[in-house]
Amino acid sequence: MAKYEMREMPDLLGNGKQVLYPRLIINRQVSSDEICRRMAQGSTFNEGEIKGIIGMLAQELARQMGNGNTVKLEGIGTFRPRLGLVKQAERETTEKDSERRNARSIQVNGINFKPEAELVGRTHEACHLERMSKTGRLHPSPFTAEERLQQAQDYLETNPFLTGSDYAMLTGLNRSSASAELRKWAAMADSGIGTAGCGTHKVYIKK
């Protein structure tokens, strides 16, 4: 049985009201050993064989993405490598005398994952929800606004762009508050933060 709470968050319409959104309560992290053990119970493979297959899959994922490919696993999702600058490397600009970044100053710094609709649907079917009696309260970020701005600026020194989710993880803000604050930073002329893209593809970049 999975449990959820109604979490207090600012209204996405920006009207200053607090509204409630459902949030899943995570019980624990399941290890690969437990996954292999459970899979072995319902198949002709033993636990060691399944562990070996998972290890081989991880190696092949890395090999394919390292060769510039995305990897789609049917029923699971698509993996796509993400690039960023190595620490302390300066960003290349379009100016004529700007130093060009070579391969040594660029690294794979993350992997994006987009789940298949089938995986989302199966998860929904397996999820039997029970509501917690309490309401989750909105917790403020442990950092000041100035510290959060510095975190965003530091992040953009080594990464090509910053998303609302990235900023939420950095600062401890909830997703809607993080997006609202990023918009505020981007509107400030001296923040060093600009925007690229639009709608759901909008990201924040160094300016």
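How many helices and strands does the secondary structure of the chain come to? Here is a short walk through the answer and what surrounds it, in numbered points.

1. **What you are looking at.** Please keep in mind that this is a predicted model. The chain's secondary structure comes to 6 helices and 8 strands. If you follow the sequence from its start, these elements appear in the pattern β-β-α-α-β-β-β-α-β-α-α-α-β-β.

2. **The chain as a whole.** The chain has 207 residues, and 27% of them count as buried. Its accessible surface comes to about 14800 Å², with 54% of that belonging to carbon and sulfur atoms. Turning to contacts between residues at least 6 apart in sequence, 46% of them join residues at least 24 apart.

3. **Helix 1 and helix 2.** A good place to begin is with helix 1, residues 32-41, and helix 2, residues 47-66. Their axes come within 8 Å and cross at roughly 125°. An angle of 65 to 115 degrees would count as roughly perpendicular, and one over 145 as roughly antiparallel; helix 1 and helix 2 are therefore oblique to each other. Helix 1 passes helix 2 in a right-handed crossing.

4. **Who meets whom in that pair.** From helix 1, the residues involved are Asp33, Cys36, Arg37, Met39 and Ala40, and they meet Glu47, Ile50, Lys51 and Ile54 of helix 2. Sorted by class, this contact has 5 nonpolar and 4 charged residues, with no polar ones.

5. **Helix 4 and helix 5.** Further along the chain, have a look at helix 4 (residues 145-158) and helix 5 (residues 164-171), whose axes cross at roughly 125° and come within 10 Å. Helix 4 and helix 5 are therefore oblique to each other, and their crossing is right-handed. On the helix 4 side you will find Arg148, Leu149, Gln151, Ala152 and Tyr155, which meet Asp166, Tyr167, Leu170 and Thr171 in helix 5. The classes in this contact are 5 nonpolar, 2 polar and 2 charged residues.

6. **Helix 5 and helix 6.** What angle do the axes of helix 5 and helix 6 make where they cross? The value is roughly 105°, and the axes come within 8 Å; helix 6 covers residues 175-187. Helix 5 and helix 6 are therefore roughly perpendicular to each other. In helix 5, Gly164, Ser165, Tyr167 and Ala168 take part, meeting Arg175, Ala178, Ser179, Glu181, Leu182 and Trp185 in helix 6. By class, the residues of this contact divide into 5 nonpolar, 3 polar and 2 charged. One residue to pick out is Tyr167 of helix 5, which meets helix 6 and also belongs to the contact with helix 4.

7. **Leucine 119.** Now for some single residues, beginning with leucine 119 in helix 3. Is leucine 119 buried, exposed or partly exposed? Its relative accessible area is 30%, so leucine 119 is partly exposed. Apart from neighbours within four places in sequence, leucine 119 is in contact with Gly75, Ile76 and Phe113. Leucine 119 and glycine 77 are 42 residues apart in sequence, and their C-alpha atoms are 7.7 Å apart in space.

8. **Cysteine 127.** Where is cysteine 127 found? Look in the loop between helix 3 (117-126) and strand 6 (129-136). Cysteine 127 has a relative accessible area of 30% and is therefore partly exposed. Cysteine 127 and lysine 3 lie 124 residues apart in sequence, while the space between them is 9.4 Å from C-alpha to C-alpha.

9. **Arginine 131.** The last residue on this tour is arginine 131, placed in strand 6. With a relative accessible area of 46%, arginine 131 is partly exposed; a residue has to be over 50% to count as exposed. Setting aside neighbours within four places in sequence, arginine 131 is in contact with Tyr4 and Met6. The C-alpha atoms of arginine 131 and alanine 2 are separated by 8.7 Å, although these residues are 129 apart along the chain.

Terms used: Residues are numbered from 1 along each chain as its sequence is written. This is a predicted model: local features need pLDDT of at least 70, side-chain atom pairs count only at pLDDT 80 or more; totals for chains, interfaces and linings use all residues. Side-chain values use heavy atoms; hydrogens and water are left out. Helices (H or I, at least four residues) and strands (E, at least two) are DSSP runs, numbered from the N terminus. Buried means under 20% relative accessible area, exposed over 50%, partly exposed in between (1.4 Å probe, protein chains only). Contact means heavy atoms within 4.5 Å. Accessible areas come from the Shrake-Rupley method with a 1.4 Å probe; for residues, only the protein chains shown count as cover. Axes are lines fitted to C-alpha atoms, for helices over the stretch in contact, and angles run from 0 to 180 degrees between N-to-C directions. Angles under 35 degrees count as roughly parallel, over 145 as roughly antiparallel, 65 to 115 as roughly perpendicular and the rest as oblique. A crossing is left-handed if the near helix is turned anticlockwise from the far one by less than a right angle, and right-handed if clockwise. Ala, Val, Leu, Ile, Met, Phe, Trp, Tyr, Cys and Pro count as nonpolar, Asp, Glu, Lys and Arg as charged, and the others, Gly among them, as polar.
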